[in-house]
Structures are given as C-alpha cells and as structure tokens.
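Ever wondered how labels like "buried" or "edge-to-face" get attached to parts of a protein? Let's go through some of them together.

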Amino acid sequence: MLSITDAISSRHSVRGFLPAEVPPDTLQAIFGLAQQAPSNCNTQPWVVHVVSGAACEALRQRLCQAALDPAAHAPDFPYDGRYDGVYRERQHDAAAQLHSAMGIAREDKAARARSFLRNFGFFGAPHGAFVFLPEPFGLREAADCGLYAQTLMLAMTAHGVASCPQTSLSFHPAIVRDALGVPPVHKLLLGLSFGYEDPAHEANRCRVARAALDQTVRFHR
Ligand SMILES: Cc1cc2nc3c(=O)[nH]c(=O)nc-3n(C[C@H](O)[C@H](O)[C@H](O)COP(=O)(O)O)c2cc1C
C-alpha cells in the first residue's frame, strides 16, 4: 500500500486505460475507504453510481453519440469552460501539455475535437462512476462531493487503480439518469473514468505542473 504522500504525489489524470476490470473485492475496498471523506455535519451528500460491464458499454455508446452535438449538452450545473486571467493561463497550459503529449498541433482543431470526444467513451476505461448531488443541496454540499471525489481517487491510487475526474461526464445527465434509474432530484455533478492505466497510451505522458505555493496560499501570524 502506498503512503498518503506517495498517493497524493503520484495520482494524476489518466486518459488511456487497459481493458481489464478492477476485481469486485477491490472495488468494495476502494469505495468503502472513500466513505471516510469528511462532509458538512457528516451529511455525506454524495450519491454515487458505478458502471462496469454491459452497463458501462451501454452508457459509453449513448454518451459518445450525444456528445457529437455540443448544442445538446445540458448539464445540471452550468459550465461554459471559460476562464479569465491566471485561470485561463492554467487552463491553456493544461490543454497544451495534453495535446503535446498526444502529438496534436495547436491549430489542428479536428484532432483536438477528437481528443475531447474521448471523454465520453470513458477514455477506454472499463468502469465509470457518477457523483450525484440530491436536491436541494447547494454549494457547500457540492464541496463535500469534491472532497469525496479526491478521497475516492486517492483510495484508487492506493490500490493501483487510475482515474480521471470529468466534468464532461456530467454534460448529459438525462441520459445517465435514464440508463441507471436515477430520480430527477439527483443532480449530476461529475463523473470519473477509472481502471488500470495503459502505460503505452500517449495521453498518459501528460503531467501538469502546479502554481508556486505563494500564488495560492498565504500564511498569516
Ligand atoms: C472536477 C474536475 C473535473 C475535470 N474534468 C475533466 C474533464 O472533463 N476532462 C478531462 O480530460 N480532465 C478533466 N479534469 C482533469 C483536470 O484537467 C486535471 O485534474 C488537471 O489538469 C490536473 O492534472 P492532474 O489531475 O493530472 O494532476 C477534471 C478535474 C477535476 C478536478
């Protein structure tokens, strides 16, 4: 088992997976561990649906089909992907790192679009997880779900399982709810693709840096 320091340092977004499924007992261990995530008043507002096998394949097909029409994107929580200033710089840097790892030139719009569409096929992963926030929860409980998602990804890392958190997997909530029998009051916040990393996949060469500590954290006394 990895130390917490090693798990935090080695986790990275993986965008190319091997077909092998994660064994059921490992899934139980990972999702059981993630339940330790903290939350406001211990409300544990996350509702999580995990897809594997035929359920994963069916959603992969439907989401890939729906993604072909960007006008049909209808996330429960608005997202336009536009950032300003330093946030825009970081967004561009992350995209540039990914495209460079994949050998995609900046001006090659078609290749960039194809790369984006891979999101909806779970990047080839044998599993997906969808994190829903029940109504009427809001921003604070969404933060709880974010803490849950990172705890989940670290639990995966500790078990040798790779992941990619994805806002893009929340662009078609109606399809996901319909496929999984989720009630309309459960709003889709994000999805994750997960499984075993394909070390040969070019997208997995991508590593993005972080801002210097003094750009995001102030120490006071
Ligand atoms: C909430 C959330 C949503 C994200 N959505 C996507 C996504 O839709 N597609 C994608 O390829 N990466 C997505 N990412 C991954 C980020 O691009 C990635 O975390 C960031 O660039 C830092 O890289 P790292 O995870 O490898 O450290 C998302 C990350 C988070 C935390």
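Here are some questions and answers about this predicted model.

Q: Which residues are closest to the ligand, and how many surround it?
A: There are 13 residues around the ligand, and the closest are Ser13, Arg15, Asn119, Ser168 and Arg210. Sorted by type, that shell has 4 nonpolar, 6 polar and 3 charged residues.

Q: What makes the pairing of Arg15 with the ligand a polar contact?
A: The cut-off is 3.5 Å between N or O atoms. An N or O atom in the Arg15 side chain sits 2.7 Å from an oxygen atom of the ligand, so the pair passes. The side chain of Asn119 passes too, with an N or O atom 2.8 Å from a ligand nitrogen. Pro165 joins in through its backbone: an N or O atom there is 3.1 Å from a nitrogen atom of the ligand. As for cover, the ligand on its own has 620 Å² of accessible area, and the protein covers 66% of that.

Q: How do you know that Cys41 is not in a disulfide?
A: Start with what the word means: a disulfide is a covalent bond between the sulfur atoms of two cysteines. To count here, the two sulfurs must be within 2.5 Å. The closest cysteine sulfur to that of Cys41 belongs to Cys145 and is 15 Å away, so it's too far for a bond. Cys56 is in no disulfide either, as its nearest cysteine sulfur, in Cys64, is 10 Å away. Search the whole structure and you find 0 disulfides.

Q: Why is Cys41 called exposed and Cys56 buried?
A: Exposed means over 50% relative accessible area, and buried means under 20%. Cys41 has 78%, so it's exposed. Cys56 has 0%, so it's buried.

Q: Why is the pair of Phe31 and Phe194 called tilted?
A: The whole structure has 6 aromatic pairs, and this is one of them. The ring centres are 5.9 Å apart, which is within the 6.5 Å cut-off. The angle between the planes is 55 degrees; stacked needs under 30 and edge-to-face needs over 60, so the label is tilted. Both residues are buried.

Q: What makes Phe31 and Phe194 a link between parts that are apart in sequence?
A: Phe31 lies in helix α2 (residues 24-34) and Phe194 in strand β4 (residues 186-195), so the pair ties together parts 163 residues apart in sequence.

Q: Why is the pair of Phe122 and Phe130 called edge-to-face?
A: Their planes meet at 75 degrees and their centres are 6.1 Å apart. Over 60 degrees counts as edge-to-face, so that's the label. Phe122 is buried, at 0% relative accessibility, and Phe130 is buried with 0% as well.

Q: What is notable about phi in Gln44?
A: Phi is near 50 degrees, a positive value in a residue other than glycine. Gln44 sits in the loop between α2 and β1 (47-52).

Q: Why is Gln44 called partly exposed?
A: Its relative accessible area is 31%. That falls between the 20% limit for buried and the 50% limit for exposed, so partly exposed it is.

Note on methods:
Residues are numbered from 1 along each chain as its sequence is written. This is a predicted model: local features need pLDDT of at least 70, side-chain atom pairs count only at pLDDT 80 or more; totals for chains, interfaces and linings use all residues. Side-chain values use heavy atoms; hydrogens and water are left out. A residue is near a molecule or strand if one of its heavy atoms lies within 4 Å of it. A polar contact is a pair of N or O atoms within 3.5 Å; within protein, one must be able to donate a hydrogen and the other to accept it, and residues adjacent in sequence count only if both atoms are side-chain atoms. Accessible areas come from the Shrake-Rupley method with a 1.4 Å probe; for residues, only the protein chains shown count as cover. Ala, Val, Leu, Ile, Met, Phe, Trp, Tyr, Cys and Pro count as nonpolar, Asp, Glu, Lys and Arg as charged, and the others, Gly among them, as polar. Buried means under 20% relative accessible area, exposed over 50%, partly exposed in between (1.4 Å probe, protein chains only). Helices (H or I, at least four residues) and strands (E, at least two) are DSSP runs, numbered from the N terminus.
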